[in-house]
Amino acid sequence: MRDAEAPHPAEPLVPAADDSVLPGAPDEHAPAGAGAAAAPRHAARHRSAKPSRRRRSGCLPVLVVAVLFIVAVGWIGRGWVADVKDMLSGPEDYPGPGSGEVVLVIDPGQSVTSIGNELAELDVVASGEAFVDAAADNPKSTGIQAGSYVLKLKMKASDAVAYLIDPANVAVTQVTIPEGFTVDQIVARLEKATEFSAEEFRQVLEDPAAYDLPDYAQGNPEGYLFPATYAFTPADEPADMLAAMVARYERALGDNDIEKTGAALGPGYTPEQIMTVASLVEAEGRGDDMPKIARAIYNRLEKPNGGGTNGLLQIDAAVLYALGTRDTSKLRAPLADLTDSPYNTYRFPGLPPGPIGAPGEKAIQAALKPAEGDWIYWVTVDCQGTTKFSETLAEHNQYQAVNGDEC
């Protein structure tokens, strides 16, 4: 019968639509008696069929993408849950009360947020946000004062706020250095006010770089430890204290470049010479008289024959510095013979080798910006500090100096 005939060799065979036929398996539609020979031909044609391969490769990428999407959504969702949890529970905070101790220094004008961040860095509070929230809940937090505080580690934020608003907890050591103090006097004052010895301060003074002494001071701190009231914290070491004084001196210079200003003044002066003049002005004058005294000193240095003084400054305070005292009773005529120290301005003309003490801001500004005038002499005539200035010795001799013991 025609149906039982084998396909004509010239007609191509179409692969069976049924993918379940395995290679080498008998074909139930093959002509009788052709099983062994037909099976291999059919199997070869089945292996080359491409539609089944395309279906398998299309499912796998979709499955991988789906899995990755589910993982990503789960990860993001996990973060959202944590964020929501944080929002509901508030910022991280320690239960308190804490232990140990650490020093916090609050600067003038420092914000609550800045304080909170610093407390978090020191591990006083668990987070800056917790401190800010606690401060917002306490109306007295606006009264937190600048200064040093000794706090515990791992405190509850509200406890930290309560501690800082109490002025009694400000831990500072105040030291006042008067104008005109010498380095020896400053060291003695620091030793008395702090827990450090004079020797510890002197060791630092021997290393100018340790406390930022200007190079032009040539290693001599005399005159550069500015007189002022300082608030030192428990964390401050001798080098910190001395560096604070030098920094305060530099602020007293204002907008003046002491090197350029000195070089342009008169015949030209070094910064050390300017500071030496300032220290002499501090010892000799007060207030509005200081720029005129500075001018008189410059005139004695610059005018021919010192304007009549042979170039001698003749300043008692410099002689007392050479003697290592402030006791004016130690001054005995002739002053030129009291000591052969180069600080004896009755014996040696010109400026002494360096400052004789720590000048204040007014004295420094007077040395930088002296008044205009031809004065050579000055004398204080009463206990109120009235000072008379003269251009000649004859005029100067008309005035009677006040006796310091009377005041």
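In this predicted model, Val281 makes a good starting point for a first look, as Val281 touches Met290, Ile293, Ala294, Ile297, Ala363 and Ala366, leaving aside residues up to four places away in sequence. Val281 is also one of the residues with the most contacts inside the largest nonpolar core, alongside Leu242, Met245, Tyr249, Ile297 and Ile364. This core has 59 residues. Two or more residues each come from α6 (183-193), α7 (198-205), β4 (229-232), α8 (238-252), α10 (271-284), α11 (290-302), α12 (316-323) and α13 (361-368). Of these, α8 gives the most, with seven residues. Another core, of 20 residues, lies apart from it, and Val102, Leu119, Val124 and Ile144 are among its members. Such arrangements fit a broader pattern: in soluble globular proteins, nonpolar side chains tend to be buried together.

Helix α4 (residues 128-136) shows how burial can be laid out along a single element. Gly128, Ala130, Phe131, Ala134 and Ala135 of α4 are buried. Viewed down the helix axis, the buried residues of α4 fall within an arc of 160°, and they therefore line one face of the helix. Glu129 and Ala136, on the other side of α4, are exposed. The cover over the buried residues of α4 includes α3 (112-121) and α5 (157-164).

Further along the chain, strands β5 (residues 377-380) and β6 (residues 387-390) run antiparallel and are joined by four bridges. Within this pairing, Tyr377 stands opposite Ser390 in β6. The two strands form a hairpin, with six residues between β5 and β6. In the turn, Gly385 has a positive phi of about 90°.

Key:
Residues are numbered from 1 along each chain as its sequence is written. This is a predicted model: local features need pLDDT of at least 70, side-chain atom pairs count only at pLDDT 80 or more; totals for chains, interfaces and linings use all residues. Side-chain values use heavy atoms; hydrogens and water are left out. Two strands pair if DSSP finds at least two bridges between them. Buried means under 20% relative accessible area, exposed over 50%, partly exposed in between (1.4 Å probe, protein chains only). The arc is that of the directions from the helix axis to the C-beta atoms. Contact means heavy atoms within 4.5 Å. A nonpolar core is a set of buried Ala, Val, Leu, Ile, Met, Phe, Trp, Tyr and Cys residues joined through side-chain atoms within 4.5 Å.
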